[in-house]
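Student: I'd like to learn how to read helix packing, strand pairing and disulfides in a model. Could you walk me through them?

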Amino acid sequence: MLADPPAAVTSPEWRRVVLAIGLGLLLLGALFNPEITAAVRTWDTSTAYNHCFLVIPIALYLLWDRRFDLVGIAPRPTPVVLLLGLPLALVWLVAERLGIMEGRQLLAISFVELLFLAVLGKRLWWAMAGPLLYLYFLVPFGDFLTPRLQDFTTWFIQHGLNVLGIPAYIDGYVIEIPQGSFFVAEACAGLRFLIASIAFGCLYALMMYRSPVRRGVFILVSIIVPIIANGFRGLGIVYLGYLLNSAEAAAADHIIYGWLFFSFVILVLIALGLPFRQDHISTRSATPASEPARVPFSMRGMLAVALGAVVVAAISPTVAAGLTMATANPPAGPSAINMGPGCEVSRVGLSVTGRTRVHTQHVVCGDVAMDMSWEVFSPHTTAGPLMSGRRRLVLRAETEDLREKWLRWPDGTPSAWQIMSSDDPEFTIAVSIWAGGKPVRPGLAMRATMAMDSLVGSAFTPIVVTMTPSVDWTTLKPIDRKDTEASLPAFLLRHRDLDQTIGALSAR
């Protein structure tokens, strides 16, 4: 049971606070439903963010643990802080136009924080700041770090093998030793360990320390240790393959071994932090001074403040909804793509699901058969729907052991074709994006260009195109699979003029 509120605060006043915040949260939840839906979907499908389901229970526990800190601090609704929502609304609109869902989700949590601040007042919000700020871990943020973590893990393994005197050839994320080959996949980058470690580090720091310096140091250690530990894990798997004379035997069940290793790392972090614990000290820094006389807020006043926070938060989604109406009916796009002399196109089709229109065709060039698919978007679309369409088209390759590489043309220049391969299930696909009439790689520059086009329009329609060998992957033998995977980049290299063909077809 929660501690009794101070005498200066009556039960009806606390009920008004709870009702106002509850109503505000319900309305913000409805307003930011796309952000919530996307976050929950990521929690469920990505092992790196499964822990997000525990964030709200943890925040509630932290509030319960600090219940005595709230005694003597009265709610002081502060409508003026709603002005802070204006720059937040602007930043949300920028994130929406850039198609950055994580940015939108972070801003949605920021509006939740603004609601609490406006209704509770600065002093009471500050007493609850730790649990409230922990809510930011609801956002599945950090996926952009995966390539950098892969780079570090590969670098660590390379230098570790040099120290151990094991000969190795490294090409990108592929590590070859005499006993076999290893690939530093996204699942091996250590993102899941890093995100979970940071969430644990913040929880541990809030519960065990009172000094901001100690909290900051422990959180920093919880960031550094899992990155280095994952490097040792990768090195250990390669070294085990060297000792066992079999890369396959060492790599088997490495994900499970990784979680066991991560559990050991968490125990090490706990052991490192225990000697400096301060949990015997109250989380309340000092007894609050007597508050000046306050003006009680009526139920109507409390609700007005909560609704004001919702109205400010609704500004940018309303503007974005108006801009998105221009993309409601995307152009039909090309029904078939000519692959040039010596190629035959057949089985041309169109799959329509709601507003999603995916074109398909079967292409035979000599003795090589490929299946193509593409989706056309409105010239006013942002990068968000485009990248969602890209994910839909390559969904079969999005597995734990995903391998990605960018195709390079014979002259060494980079292409916009990305080759994606997986082992379970076996599958290989190439994907590319056309925006502004030319192939582009996903990135901030592409997002900024499309954000501008969403406002002023463009002479070209964005297109996502995929290509995959037309084979039954379940019946391929290992040797045939390697040949089939190699046929995809070879086919693209022989048809470099496809870039210009699709670019011309994207013109309105």
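Tutor: Happy to; we will take helix pairs, then strands, then the disulfide, keeping in mind that this is a predicted model.

Student: How are two packed helices described?

Tutor: Two numbers do the work: the angle between the helix axes and the distance between those axes. Take helix H4 (residues 85–98) and helix H5, which pack at an angle of about 165° with their axes 9 Å apart.

Student: What does that angle say about the directions of H4 and H5?

Tutor: Angles over 145 degrees count as roughly antiparallel, and H4 and H5 are therefore roughly antiparallel to each other. The crossing has a hand as well: H4 passes H5 in a left-handed crossing.

Student: Which residues of H4 and H5 make the contact?

Tutor: On the H4 side they include Leu-88, Val-91, Trp-92 and Glu-96. On the H5 side, Arg-104, Leu-107, Phe-111 and Leu-114 are among them. By class, the residues of this contact of H4 with H5 divide into eight nonpolar, three polar and two charged.

Student: Where does H5 meet helix H13?

Tutor: Begin with the geometry: the axes of H5 (residues 101–120) and H13 (residues 299–324) come within 9 Å and cross at roughly 155°. H5 and H13 are therefore roughly antiparallel to each other, and H5 passes H13 in a right-handed crossing. The contact is made by Phe-111, Leu-115, Ala-118 and Val-119 of H5, with H13 contributing Met-302, Val-305, Ala-306, Ala-309, Val-312 and Ala-313. Phe-111 is thus on the list for H13 and also on the list for H4.

Student: How many nonpolar, polar and charged residues does the contact of H5 with H13 have?

Tutor: Ten are nonpolar, with no polar and no charged residues in the contact of H5 with H13.

Student: May I try a pair myself? I'd pick helix H9 (residues 191–208) and helix H10 (residues 212–244).

Tutor: Good pick. H9 and H10 pack at an angle of about 155°, their axes 9 Å apart. That makes H9 roughly antiparallel to H10, and the crossing of H9 and H10 is right-handed. In the contact, residues of H9 including Phe-193, Ile-198 and Tyr-204 meet residues of H10 including Phe-218, Pro-226 and Arg-233. The contact of H9 with H10 divides into twelve nonpolar, four polar and two charged residues.

Student: Now the strands. What should I know about side chains in a regular strand?

Tutor: In a regular strand, side chains alternate between the two faces of the sheet. For the case here, look at the open sheet of three strands in the order S1-S2-S3, where the pairing is antiparallel. Strand S1 (169–171) and strand S3 (180–183) stand at the edges with a single partner strand each, so one side of each is left without a neighbour in the sheet. Neighbouring strands of this sheet are turned by 20° against each other on average, direction ignored.

Student: How many bridges join S2 to S3?

Tutor: Four bridges join strand S2 (residues 174–177) to S3, and the two run antiparallel. To find the register, use a pair of opposite residues: Ile-177 stands opposite Gly-180 in S3.

Student: How do strands S4 and S5 pair?

Tutor: S4 (residues 343–353) and S5 (residues 356–365) pair in the antiparallel sense over nine bridges, and Gly-349 has Thr-360 of S5 as its bridge partner. They form a hairpin with two residues between them, and Gly-354 in the turn has a positive phi of about 65°. S5 then pairs with strand S6 (residues 368–376), again antiparallel, over eight bridges. In the hairpin of S5 and S6, Gly-366 takes a positive phi near 70°.

Student: And what is a disulfide?

Tutor: It is a covalent bond between the sulfur atoms of two cysteines. Here Cys-343 and Cys-365 form one, with their sulfur atoms 2.0 Å apart. The torsion about the S-S bond of Cys-343 and Cys-365 is about 115°, so the disulfide is right-handed. Cys-343 lies in strand S4 and Cys-365 in strand S5, so the pair ties together parts that are 22 residues apart in sequence. Cys-365 also has a place in the strand pairing, where it stands opposite Val-368 in S6.

Key. Residues are numbered from 1 along each chain as its sequence is written. This is a predicted model: local features need pLDDT of at least 70, side-chain atom pairs count only at pLDDT 80 or more; totals for chains, interfaces and linings use all residues. Side-chain values use heavy atoms; hydrogens and water are left out. Axes are lines fitted to C-alpha atoms, for helices over the stretch in contact, and angles run from 0 to 180 degrees between N-to-C directions. Angles under 35 degrees count as roughly parallel, over 145 as roughly antiparallel, 65 to 115 as roughly perpendicular and the rest as oblique. A crossing is left-handed if the near helix is turned anticlockwise from the far one by less than a right angle, and right-handed if clockwise. Contact means heavy atoms within 4.5 Å. Ala, Val, Leu, Ile, Met, Phe, Trp, Tyr, Cys and Pro count as nonpolar, Asp, Glu, Lys and Arg as charged, and the others, Gly among them, as polar. Two strands pair if DSSP finds at least two bridges between them. A disulfide is a pair of cysteine sulfur atoms within 2.5 Å.
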